[in-house]
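Hi,

Here is the structure I promised to pass on. Have a look at it first, and then read my notes underneath.

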Amino acid sequence: MRCRMFSALKPLILILSFFCTPVWAQLSPPQLQNNWPKVGEARLTVLWFDIYQAVLFTPSGQFESYRAPLKLQLTYQRSISREDLISETGRLLVPFAAPEQRTIWLQALREIWPGVNDKDQLVFQVDDRGSAHFFYNRVWIGSVEDPAFSAAFIQIWLSEQSEYPALARQLRGVPRESE
């Protein structure tokens with residue numbers, strides 16, 4: 001009986017797979033934007049330790065909003081474990097998200113992020129829909145489809161309420177005399 005049922009369903013399965021194939025073939029990872037102009041650049045140094053070099057890019061070359069398409073490129077200058085990256089991100093997200101939301105987002109990052117070493121790049125790119133895409137050394141490693149995450153996450157680097165407001169101003173392209 002089971003064999004007959006499968007035989008009867010086989011043509012239907014083949015037809016469905018034929019129609020589904022183009023849909024799956026169209027799904028592809030997001031592309032890293034390499035032609036956007038630079039908005040600003042800054043280096044994070046804590047005490048005498050260089051942590052990373054950060055560069056912000058947008059389609060217009062201007063910082064417009066936390067929800068607009070943008071790309072933040074971090075080039076690390078030291079090794080940091082995945083758990084330390086997640087822990088520090090959670091701490092830095094405190095002013096920008098409720099505890100329940102942070103817990104959900106940090107779990108998503110645990111599934112995406114690796115640890116980093118000296119000269120590794122971690123890129124955060126926000127698309128037109130507000131989805132966040134992460135690239136590790138120019139290779140896509142995962143996405144968070146929540147626009148609220150993207151807006152909160154980028155504020156770690158760009159907000160005046162961030163832990164490093166001078167770095168935020170440099171990344172947003174604010175001239176030093178305006179500080």
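Below is what I found, beginning with the sheet and ending with a pair of helices.

Please keep in mind that this is a predicted model. The sheet is open and has six strands in the order β1-β2-β3-β4-β5-β6, with antiparallel pairing. Its edges are β1 (38-46) and β6, each of which pairs on one side only. On average, neighbouring strands are turned by 20° against each other, direction ignored.

The β5 and β6 end of the sheet is worth a look. Strand β5 (residues 132-136) runs antiparallel to strand β6 (residues 139-144), and five bridges join them. Two facing pairs will help you find the register: His133 stands opposite Ser143, and Phe134 stands opposite Gly142. The two strands form a hairpin with two residues between them. In that turn, Asn137 has a positive phi of about 50°.

Helix α3 packs on the sheet, where it touches β5 and β6. The direction of α3 makes about 160° with that of β6.

Now for the partner of α3. The axes of helix α2 (residues 82-93) and helix α3 (residues 99-112) come within 10 Å and cross at roughly 155°, which means that α2 is roughly antiparallel to α3. The crossing is right-handed. From α2, the residues that meet α3 are Arg82, Glu83, Ile86, Thr89, Gly90 and Leu93; on the α3 side they are Arg102, Trp105, Leu106, Leu109 and Arg110. Sorted by class, this contact has five nonpolar, two polar and four charged residues.

Happy browsing, and do write back with any thoughts!

Best wishes

Terms used: Residues numbered from 1 in each chain as written. Predicted model: local features only at pLDDT ≥ 70, side-chain atom pairs only at ≥ 80, totals over all residues. Heavy atoms only, no water. Axes fitted to C-alpha atoms, helices over the stretch in contact; angles between N-to-C directions. Helix = DSSP H or I, 4+ residues; strand = E, 2+ residues; numbered from the N terminus. Parallel < 35°, antiparallel > 145°, perpendicular 65-115°, else oblique. Left-handed = near helix turned anticlockwise from the far one by under 90°. Contact = heavy atoms within 4.5 Å. Nonpolar A, V, L, I, M, F, W, Y, C, P; charged D, E, K, R; others polar. Pairing = 2+ DSSP bridges.
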